[in-house]
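Reader: I should like to learn how to read a structural model feature by feature. Where would you have us begin?

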Amino acid sequence: MSPDALSPDPITVLAKKAFGISYLYPYQRLVIANVIDALQDPGEEGPLRQVVLLPTGSGKSLCFQLPSLLMKGLTIVVYPLLGLIADQHRRLEERNIKAVCMRGGMTPAEKEAAFSACFSGDTRMVLANPEILCTPDCLDFLGKAKIDHFVVDEAHCITEWGDSFRPSYLELGRPLAAAKPRVVTAFTATASPPILNRITSLLFGREPYGLIAGQPDRPNIHYSVIPTISMLRSIRKAAFQSVKPLIVFVQSRKTAELVAEDLRQCFPEIDARFYHAGLEKTERSELERWFLHSADGVLCATCAYGMGLDKPDVHTVIHYGPPSSTEAYLQESGRAGRDGQDAEAILIAMDRSGRDSIPDTNQPMSELGIVAAARKKLMESYAAGGGGCRREYLLAAMGDPGAPETSCSGCDRCRNMDQKTAEGQEQILAAIQKHPGRLTERGMAQFLGGEPGQGLHPGWGTLGHWNPDEIDEAVASLISQSMILRKRRGPWKGRLGPRARDRPSQSGKSSASGDPASSARTGGASFLRIFGGRADLDQGSAM
């Protein structure tokens, strides 16, 4: 072997020196090599354009941080959240790598200081959100500075948020055009083909681009679905029994606050806190520091927490209802097990008796609306128990052609531990069958809970181990799903009874074949009854 063959690889040496990393994954090396080659030999085709799909925790940041140390020009990194910018800036400072932050609310003096640091060569990296880059002074700065690499991290936010409350994401073409970078890279952990098309269309137009895709599967995460008729009871059980540290992802700010408050009241020994973008910056920073160092904390959060904020030892991620897409679910469930240890991803889904949550409509839908509806339906089908292996379903929904051959490391289906029916459903339906037309909604809840004065009739106290609010929610859920009928008029107004097909025939057998609860063994998503209907007070502010 020649001496040259024994020479250390300079990229690996730099990774070890700057980041303490002695080994680069093959896909990291490929991305880094592409960037370096494009800077060394720009060619005549214009800038290098690439999309990098790598699973959460696979080291995407290194793919642009390491090359930035070799560049003469700047690396601009676009992040979706201020908390993420602060987190990355802190990590770079710990490595003695200088970077400047650009965000909304900066004074003219602060902006000028940031621009000066870039022009003087004191820094090689700019961390910014899309809003600040679209301002006139930043566009002017980008046109004058030497920009080598323009990075859009968490690029799925272009489609997730650009058409709703972050329109600046749709305007990233303006800072790109002003910067004229030699390399443009979009990084994301998850993107199905329609989302990928949307990202590349907005960033690259019709220009060609390269795609580097890592396996979205996280073999150390075990997936499971809990169908429920009481979100209150299910989240309490799951949060109490699951291994911590633990994240509960919810769909609104109000729900994050209410769930955290409820868990603290039910389990004083659990340190449960909430996190969303409506908090002050100092509050979010304090929560991030607390959770980063917590060994048994429970964080109830919207999607504002998680993207790139690296807590490696999260053992459980619970979803309080399904998110809007499989991309979002894999992104958020991927917060678990980043240290490589076994972890759990649990989805709690309110039973909808197989109803389609996307109503048929004759109204024309935009292409974006059609894609959004299809993505939502895929996720809700997963929550409803669609398909077989959970992992196989999620990967197939992501467009992974190898999904059918993927070996599952142990979802609840493959472990034969999946919950077929919502807890308490059979007991409630059985009580309704035994006592049709006898009790009101409130009376049935008291009867099932075993309250005195109801009489020792069949079914009395079968849910006596539940909290009263859990029983109330469960009965109301079955009524809303038409699994239980409530008389609206006549002498039995307000009394509960079974559906016609579930009523006992003269022979004493149910007129429906099989278990009377069989039609309710599919799940979906409903937040209408959570905490007495208060959970969705601000669905428009999910951040």
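Author: Let us begin with a single residue, bearing in mind that this is a predicted model. Ser234 is found in helix α11, which spans residues 231-241.

Reader: Is Ser234 buried or exposed?

Author: The criterion is relative accessible area, and buried means under 20%. Ser234 has 8% relative accessibility, so this residue counts as buried.

Reader: Which residues does Ser234 touch, not counting residues up to four places away in sequence?

Author: With those sequence neighbours set aside, Ser234 touches Ile226, Thr228 and Ile348.

Reader: How is the chain as a whole to be described?

Author: The chain has 19 helices and 15 strands. Of its 543 residues, 52% count as buried. As for contacts in the chain with a separation of 6 or more, 75% of them are accounted for by residues 24 or more positions apart.

Reader: Let us turn to aromatic rings. How does one describe a pair of them?

Author: A pair of aromatic rings is described by two quantities, the distance of the centres and the angle of the planes. The structure holds 11 aromatic pairs. One of them is formed by Trp290 and Phe291, which are tilted, at 5.6 Å centre to centre with 40 degrees between the planes.

Reader: Which further partner does Phe291 have, and what is the geometry of that pair?

Author: Phe291 also pairs with Tyr305, and this pair is edge-to-face, with 5.9 Å centre to centre and 80 degrees between the planes. Phe291 lies in helix α13 (residues 281-293) and Tyr305 in the loop between β11 (298-301) and β12 (316-320), so the pair ties together parts that are 14 residues apart in sequence.

Reader: Are these three rings buried or exposed?

Author: Phe291 is buried, with a relative accessible area of 0%. Tyr305, at 5% relative accessibility, counts as buried, and so does Trp290, at 14%.

Reader: Which charged residue lies over the face of Phe291?

Author: Lys311 lies over that face, at 5.2 Å from the ring centre. Elsewhere, Arg390 lies over the face of Tyr382, at 6.0 Å from the ring centre. Tyr382 also belongs to a cluster, in which ring pairs link it with Tyr223, Tyr329 and Tyr393.

Reader: How should one read the internal cavities?

Author: One may take their count, then the volume and lining of a chosen case. There are four cavities of 30 Å³ or more. The second largest cavity has a volume of about 50 Å³.

Reader: Which residues line the second largest cavity?

Author: Its lining is made up of Leu82, Gly83, Ala86, Lys281, Arg284, Ser285 and Glu288. Helices α4 (82-94) and α13 each supply at least two residues of that lining, and α13 gives the most, with four residues. By class, two of the lining residues are nonpolar, two are polar and three are charged.

Reader: Finally, how does one read the packing of a helix? Which residues of helix α18 are buried?

Author: One identifies the buried residues and then the elements they pack against. In α18, which covers residues 441-449, the buried residues are Gly443, Met444, Ala445, Phe447 and Leu448. These buried residues pack against α17 (425-434), α19 (468-480) and β15 (496-498).

Reader: Which residue follows α18, and what is its phi?

Author: Gly450 follows α18, and its phi is positive, near 80 degrees.

Terms used: Residues numbered from 1 in each chain as written. Predicted model: local features only at pLDDT ≥ 70, side-chain atom pairs only at ≥ 80, totals over all residues. Heavy atoms only, no water. Phe/Tyr/Trp six-rings, centres within 6.5 Å; stacked < 30°, edge-to-face > 60°. Buried < 20%, exposed > 50% of the residue type's maximum accessible area, 1.4 Å probe, protein only. Lys NZ or Arg CZ within 6 Å of the ring centre and 35° of its normal. Contact = heavy atoms within 4.5 Å. 1 Å grid on protein atoms, 1.4 Å probe; cavity = no way out; pocket = protein on both sides within 12 Å on 5 of 7 lines; lining within 4 Å. Points joined across faces, edges and corners; volume = space filled by probe spheres on them. Nonpolar A, V, L, I, M, F, W, Y, C, P; charged D, E, K, R; others polar.
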